[in-house]
Amino acid sequence: MQRELPRLITLVTGMFMAIQYFIPHKHSEQFYQTSLDWLIIVGIFSIVLGIASLVNLHVNKIQRRDAGTKYSYILLAGLLYMILSAILTGTDQQSFFMKGYIAVLNPITSTMFALLAFYIASAAFRAFRARSLIATILLVSAVVVMLGRVPAGEDLIPGIAKVSDWLLNVPNMAAKRAISIGLGLGGSATALKVVLGIEAPHLR
Amino acid sequence: MAGTRGFQLERHLVFLLIFLAVLVPLFLPAPKTVRVTPEVKSVYDRIEGLQAGEIVMLPCEYDPSMAAEMSPMTMAVLRQCFRKDLRVLVTCLVSNGVSLVESELRQMAEEWGRKYGEDYVYLGYKPYPGIVIMAMGEDFRVPFPTDYYNTPLDEIPMMKGVKNYQNVALVLTINSTSGIDYWIIYGTGRYKFPLACASTAVMAPNYYNYLQSGQLFGLIGGLRGAAEYEQLVGHPGKAVKGMLVQSVSHILIVALILLGNVIFIVERRRRRS
Amino acid sequence: MHRHRRGRGLPLVAALALLPLLLLQASAALAENAAEDPPAPRPPLDLKAVDTPNDRGESVDLEWRPSPDEADPAAGALLYLIERAQAQAGPFERIADAPAGTTAYTDNSVRDEETYYYRVSTTGTGGGTSAPSAVAGPVRSTGQWFDLRKLATLILTFLFCLTVMVLIRAARRGKTFYVRPIPGLSAVDEAIGRATEMGKPILFIPGISVASEVATLAAFTLLGRVAKKTAEYQTPVLVPCADPIVMTIAQEIVKSSYLDAGRPELYRQEDVYFVTQDQFSYTAAVNGVMLRERPATNFYIGKFYAESLVLAETGNVAGSIQIAGTDEITQIPFFVAACDYTLIGEELYASSAYLSQEPPLLGTLKAQDFGKAVGAILIVLGVIMAAFGQTWFVDFFRVQ
């Protein structure tokens, strides 16, 4: 029963949601909205679980005096600061919560994103090698599109912008559409397997 | 290359070169012109063709980490809308980006002397973008009974008679998330309003499909798209400046790729001999 | 006396003399006014009101032919004024305006099962309003229980599900299906073996999306198999999660895998933990794990966005062998450039069938292949039909 009941719930709700897609009536829509509301509620409560797991992990690390304990202290202090500042001073523009967000989180996340520039260069230098015909086509396409998308490239090699646009609008789109069709079918098959209980990795 | 096993560039050297390629052009003059692509011009022309007083909806869905690419688009579009005396309805369905979008909107409104509640309204954030987009198709007041500043929508002059997408001239989502798919499927797919999107350069190729099929009437992609739009609006800014940075760094990466291949070919010949 | 009679006659003569002048002025003024006030335009024609088809209800579609004066610069139809009543004789109330050039309007403010009547008038540049059009109605709005526009989707979905069932049955009866080698999946065992030899942990990243995402479900499947192998080889597996529900499911999967492998005592709950839902904060945390723990093998299986290259390159710096699989098309090139093996698109979904070789899973995989074949045939047919002007074929499959 411990295994059958969750599978039954999965089957019934999965079938309902699949059928709901084809029924535009407002009662069907209300059912869908209610399901989504429940999803939101479950999601919010699950954050409690997540925070408990995170705190437990880092408290254990501190108790065991593992390597990198100072980062655990910083994490717990940051978590406590954001929670307390939100409760005590609110979350509007002048609150300590927003100050912490603007002064710390914004610059850090922008910096992490900016690292991509460096990593793209090192990945390109390492990976784009003409090892085979397909690899050479990939290499040439990458070079053409990179040069075609910047003004300097268009000045250096006249006409490269048109070739770049063609690569984006024709072969790139064709490949994306083909992969999307495969993904759609694969996704449908995976969802079907889960709903019918053929494969339920989350119910072990 | 000369040397025992060929010349191998260290990762740190690559990083240093990229750092210089990004930093140095910032101190140089920006390029004079940027070639405008049809998909960007389509957005510009559509907004340009609107009458004063019409409402443009701008869902701005990005957080500070994407601001470098997305903010120039937002500023350029707002500039055009305020220049044409269009009214602007803005949301931000990304929790981390709410303050950023609000500050950009306020900055541009102050520059053009626009009054909140009459010329522009900011609805703020609500979770689960798919649900919000569908709900706004019925009535903006369903997901947003109040605006970002907790004023009931019915008390805002601009929102009088503005119920849902039918009352806005077009929707241009400036979006760094996969939420663009929600706008296409649940937004224009259901409620049939004119939709365009402005996305990051990485995601833009995903949406050429929809441009071709007519589900999007325009597409602004990445910093390049932002630069084109700044040029069209007649106010070159960070994005146009960024074109020189992008040009230099792209050329550097191409040079590194070619250099890497030269090294690869030399080493392969050496191994064969 | 004579003089007195002459005085009484003079005003009459003056009036008679002035009368034509007055008449002339009046008619001139009238003519001027007539030139300033253009005539009101005519109303639109053939107004129709129908229940909006294939909708949730509470909606009526109006359609009309433009006013004959729409293009006339003198009369100049500017706006269509839409009015609604619940009786044919009224009273009508104005519910909306539509600018000139529109020929349709959807009224979303009706209640189901109530009767409505509509009429439309036109205002012109002179400000005058036309007489209203003929009344359209009665019309009642209702919600539909099936969206006919999705008929093609329903048929294809049903056929696909039927194909899956038939092929699963065939597989269970012993029919063998060929599955082409997928290097990324063939390398899973080798990658786990490498970690065991080096005495280093395995890092498994199930993407940064939620548990309901299909890619995350595929990640769970692969996690189960990886966890079972690592339990047998006594190699630790670290699973940092970006969603609390993903964390709870991953914990259950790893625990069950260790139980199946007969090594429940080796399971450590803190090896499967929640980090944060913020994209780049999660990336920073995982990068830290990679650079401190130096895992021998990294698995990136699931939904990834801009952080994919940052993760993969840091894994390269740490010297890990890397196997990636995602359905996010924009990130596949980054993984191809930075990882040793990449599962592209649906190869990710094929992983469970490929690794387990279980009949139901192989049958489903074959059904996907059939589905793609049918899709290709329909595309070719559609192109040929459209080339000969037979657009009905394409229109049948259009999703609205």
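**Note on the predicted three-chain model**

1. In α5(A), the buried residues (under 20% relative accessible area, 1.4 Å probe, protein chains only) are A:A135, A:L139, A:A142, A:V143, A:V144, A:M146, A:L147 and A:G148. Helices here are DSSP runs of H or I with at least four residues, and strands are E runs of at least two, numbered from the N terminus. Helix α5 of chain A covers residues 133-148 and reaches 22 Å from its first C-alpha to its last, close to the expected 22 Å; the expected span is 1.5 Å times one less than the number of residues. Its buried residues pack against α6 (151-156) and α7 (160-169) of chain A, and against α8 (222-233) and α9 (238-272) of chain B.

2. The model is predicted: local features need pLDDT of at least 70, side-chain atom pairs count only at pLDDT 80 or more, and totals for chains, interfaces and linings use all residues. Residues are numbered from 1 along each chain as its sequence is written, chains are lettered from A in the order in which they are written, and side-chain values use heavy atoms, without hydrogens and water.

3. B:E69, in helix α3 (residues 67-83) of chain B, is buried without a salt bridge, and the nearest side chain of opposite charge, A:R149, is 8.6 Å away. A salt bridge requires a side-chain nitrogen of Lys or Arg within 4 Å of a carboxyl oxygen of Asp or Glu. A polar atom of the B:E69 side chain lies 3.0 Å from the backbone nitrogen of B:A201. Beyond four places in sequence, the contacts of B:E69 (heavy atoms within 4.5 Å) include A:F113, B:T200 and B:L223.

4. The largest nonpolar core (buried Ala, Val, Leu, Ile, Met, Phe, Trp, Tyr and Cys residues joined through side-chain atoms within 4.5 Å) has 80 residues, and B:I47, B:L58, B:L172, B:Y229 and C:Y300 touch the most other members. Its largest share, nine residues, comes from α3(B). A second, separate core of 61 residues includes C:V188 and C:F204.

5. The count over all chains is 39 salt bridges. One of them joins B:R114 and B:D85, with the closest N and O atoms 2.8 Å apart. B:R114 lies in the loop between α4 (98-112) and β3 (120-124) and B:D85 in the loop between α3 and β2 (87-91) of chain B, so the pair ties together parts 29 residues apart in sequence.

6. In chain C, C:D69 and C:R42 form a salt bridge at 2.8 Å, N to O. C:D69 is buried, at 7% relative accessible area, whereas C:R42 is partly exposed (between 20% and 50%) at 47%.

Note on methods:
Lys, Arg positive; Asp, Glu negative; His and termini not counted. Polar contact = N/O pair within 3.5 Å; in protein donor to acceptor, adjacent residues only side chain to side chain.
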